[in-house]
Amino acid sequence: MKQIYYIVFFCLLLLLGMGVFQIQNIVALERISLEEDRLHKYKIHVDKPNIAEEKLRVVVENFLENQKQEFLRQLPDATIQLEFVYTLDITYQRFFAMEYESYLFQITTYTGGAHPNTTLQTFVYNHANDEFVTIDTFLEDDEEFLVNVSKSVRSDLLYNPKITNTAMMWSGTESQKENFDHFVIVKQGLLFYFEPYQVAPYASGVLNAYFSLERECQ
């Protein structure tokens with residue numbers, strides 16, 4: 001009879017020991033899972049416009065997806081900055097003027113450093129001829145277009161109180177295509193946008209300047 005008690009008691013101890021071992025394994029797995037998650041803490045916020053025109057919609061959606069994938073590729077693979085949260089934030093503004101539909105996207109990423117990085121992207125679509133409008137579209141009809149834009153934009157920015165370094169502004173508004181890539185079409189003109197550091201220090205933020213197409217036609 002005592003042998004039966006001993007056998008039952010031994011089995012209970014064995015089962016209890018196995019249970020504790022399984023619980024310890026579960027806890028260990030949870031810790032590993034949490035450790036892996038901490039390597040890639042990030043937040044993504046993307047404002048996605050509802051665009052009816054398929055040609056324009058495909059281009060914009062591809063752009064947004066590429067931005068997300070590029071952001072994810074920047075995440076570190078090493079166990080550094082375990083509590084750091086990387087962020088991607090994309091917002092947009094939409095403009096309608098006559099047959100033109102324009103979008104300004106502001107892409108803000110933070111992957112470490114003194115402050116987030118801000119870049120811009122614009123898309124301008126002409127519904128009348130189903131084509132995208134770029135700075136080259138205006139240069140096809142007017143070789144002096146960039147010279148006139150540069151003069152006008154500089155005159156506009158000089159009155160902007162956020163321009164604290166005129167040397168930076170003069171350099172960032174030279175009559176070169178890459179300085180005027182970011183624009184939208186508004187009523188009777190173009191609105192040019194400038195990323196931080198192009199015409200002013202980072203603290204000044206994104207700046208813009210208006211260029212009248214009516215004045216250009218006179």
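In this predicted model, the bridge partner of Tyr100 in strand β4 is Asn126. This pair belongs to the contact between β3 and β4 (residues 117-126), two strands that run antiparallel and are joined over ten bridges. Together β3 and β4 make a hairpin with six residues between them, and Gly112 in the turn has a positive phi of about 110 degrees. Strand β3 itself, residues 100-110, is mostly covered, with nine of its eleven residues buried.

On its other pairing, β3 meets β2, again in the antiparallel sense, over eleven bridges. Here Tyr92 is found opposite Phe105 of β3. The hairpin of β2 and β3 has two residues between the strands, and in it Met98 takes a positive phi near 55 degrees. Strand β2 (residues 86-97) also pairs with β1, this time in the parallel sense and over five bridges; within that pairing, Tyr42 stands opposite Tyr86 of β2.

Put together, these pairings belong to an open sheet of five strands in the order β1-β2-β3-β4-β5, with mixed pairing. The edges of the sheet are formed by β1 (42-46) and β5 (131-132), each of which pairs on one side only.

It is helpful to turn next to the strands β6, β7 and β8. β6 and β7 pair in the antiparallel sense over four bridges, and Phe183 has Phe192 of β7 as its bridge partner. Two residues lie between β6 and β7 in their hairpin, where Gln188 in the turn has a positive phi of about 65 degrees. β7 is also joined to β8 by six bridges, and this pair runs antiparallel as well; the bridge partner of Gly189 in β8 is Ser212.

How many of the six residues of β7 are buried? The count is six of six, and the strand is mostly covered. In a regular strand the side chains alternate between the two faces of the sheet. In β7 both faces are covered: Gly189, Leu191 and Tyr193 are buried on one side, and Leu190, Phe192 and Phe194 are buried on the other.

The largest nonpolar core of the model has 25 residues, and those with the most contacts inside it are Phe183, Ile185 and Phe192. At least two residues of this core come from each of α3 (135-139), α4 (145-157), β6 (183-186), β7 (189-194) and β8 (207-212). The element that gives the most is α4, with five residues. Apart from this core lies another, of 16 residues, which includes Val60, Leu64, Phe71 and Tyr103.

Ile185 offers a good view of the surroundings of the larger core. With neighbours within four places in sequence left aside, Ile185 is in contact with Phe95, Ala97, Tyr100, Ser102, Val124, Val133, Phe138 and Leu190. Of these, Tyr100 has already appeared as the partner of Asn126.

The helix α4 deserves a closer look. At 1.5 Å a residue, its 13 residues should span 18 Å, and the end C-alpha atoms of α4 are 18 Å apart, so the two values agree. The buried residues of α4 are Phe145, Leu146, Val149, Ser150, Ser152, Val153, Arg154 and Leu157. An α-helix has 3.6 residues a turn, so residues three or four places apart point the same way.

Where does α4 meet the strands? Ala209 is a convenient place to look, and its place is in strand β8. With a relative accessible area of 0%, Ala209 falls under the 20% cut-off and is therefore buried. Ala209 and Leu157 are 52 residues apart along the chain, yet their C-alpha atoms are separated by 6.6 Å. Not counting residues up to four places away in sequence, Ala209 touches Val153, Asp156, Leu157, Leu190, Leu191, Phe192 and Phe194. Among these, Val153 and Leu157 are buried residues of α4, while Leu190, Leu191, Phe192 and Phe194 are buried in β7.

A final detail concerns the loop between β7 and β8, in which Ser204 lies. Is Ser204 buried or exposed? Its relative accessible area is 11%, under the 20% limit, so Ser204 counts as buried. A polar atom of the Ser204 side chain lies 2.9 Å from the backbone oxygen of Lys162.

Notes. Residues numbered from 1 in each chain as written. Predicted model: local features only at pLDDT ≥ 70, side-chain atom pairs only at ≥ 80, totals over all residues. Heavy atoms only, no water. Core = buried A, V, L, I, M, F, W, Y, C linked by side-chain atoms within 4.5 Å. Buried < 20%, exposed > 50% of the residue type's maximum accessible area, 1.4 Å probe, protein only. Contact = heavy atoms within 4.5 Å. Pairing = 2+ DSSP bridges. Expected span 1.5 Å × (residues − 1). Polar contact = N/O pair within 3.5 Å; in protein donor to acceptor, adjacent residues only side chain to side chain.
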